[in-house]
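Trainee: Could you pick one small part of this model and take me through it closely? I'd like to see how it fits in with everything else, too.

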Amino acid sequence: GMLSTKKTLLMSENWPKARKGKKKTDARIESVFDLVRNVRNMRAEYGIEPGKEIDAQTSARFNAEEQQILKKLTRTNIQTLQKTVEKKIMVVSGRFTMDFSLGSMIDMEKEKKKTLAEQERMEKYKSGLEKKLQNKEFLQKAPKNIILEEQKRLEETKEQLKKIKLK
């Protein structure tokens, strides 16, 4: 039954053993939920109302469960193709990429300008951080944790810039 008759304390029990192959599944599910988050962010960014279904294309091979999760949580009709659409917005997560052709829903030129402005702003921010981190006086006087924080900000900014350049 459910109740154990053994008289051992939980803290003295061995940790449960993980099944083989579980790490791969966890990483995959993690990527799927990351994709859900990124698609939702993309929808918000482009002002697509939450209830509206949108079409997406992907060359990723999602299993039935993953497709259900994506369809329900992102309101997306997913088409699996070898080669995806030309005029598109790409949403990336771990090993998965989904392409959205939102041409009819959004003004692509306006979005391109917005992306370029964002890229410019981030480039300035990045070079400011780089200058600061090359400044000997700052490096000598600033507490170690502040320097590490600035280095982390620089790395994050570089990552974000990479993503923007993919758009």
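**A close look at Leu139 and its surroundings**

Mentor: Let's start with Leu139, which is partly exposed at a relative accessible area of 36%; that label covers values between buried (under 20%) and exposed (over 50%), using a 1.4 Å probe and protein chains only. Bear in mind that this is a predicted model, where local features need pLDDT of at least 70, side-chain atom pairs count only at pLDDT 80 or more, and totals for chains, interfaces and linings use all residues. Numbering runs from 1 along each chain as its sequence is written, and side-chain values use heavy atoms, with hydrogens and water left out.

Leu139 is part of helix H4. Helices (H or I, at least four residues) and strands (E, at least two) are DSSP runs, numbered from the N terminus. If you skip residues up to four places away in sequence, Leu139 touches Leu133 and Ile147, where touching means heavy atoms within 4.5 Å.

Now look at Phe138, also in H4, which spans residues 136-141. Phe138 counts as buried, since its relative accessibility is 16%. With neighbours within four places set aside, Phe138 is in contact with Lys132, Leu133, Ile146, Ile147 and Glu150. So Leu133 and Ile147 turn up for Phe138 and for Leu139, because both residues meet the contact cut-off with them.

Let's step back to the whole chain. You've got five helices and four strands, running α-β-α-β-β-β-α-α-α along the sequence. Of the 167 residues, 28% are buried. Take the contacts between residues at least 6 apart in sequence: 60% of them join residues at least 24 apart.

The strands come together in an open, mixed sheet ordered E2-E1-E4-E3, with two strands counted as paired if DSSP finds at least two bridges between them. E2 (76-80) and E3 (89-93) sit at the edges with a single partner strand each, so one side of each has no neighbour in the sheet. On average, neighbouring strands here are turned by 30° against each other, direction ignored; the axes are lines fitted to C-alpha atoms (for helices, over the stretch in contact), and angles run from 0 to 180 degrees between N-to-C directions.

Inside the sheet, E1 (residues 54-58) and E4 (residues 96-100) are antiparallel, joined over two bridges. One place to see this is Ala56, whose bridge partner in E4 is Phe100. H2 packs on the sheet, where it touches E2 and E4, and its direction makes about 145° with that of E2.

E3 also pairs with E4 in the antiparallel sense, over five bridges, and Val91 stands opposite Met98 in E4. Follow the side chains along E3 and you'll see them alternate: Ile89, Val91 and Ser93 are buried on one face, while Met90 and Val92 point to the other and aren't buried.

H2 has two sides as well. In this helix (residues 64-74), the buried residues are Glu66, Ile69, Leu70 and Thr74. They lie on the same side of H2, because they cover an arc of only 95° around the axis, taken from the directions from the helix axis to the C-beta atoms. On the other side, Ala64, Glu65 and Lys72 are exposed. Just past H2, check Arg75: it takes a positive phi of about 50°.
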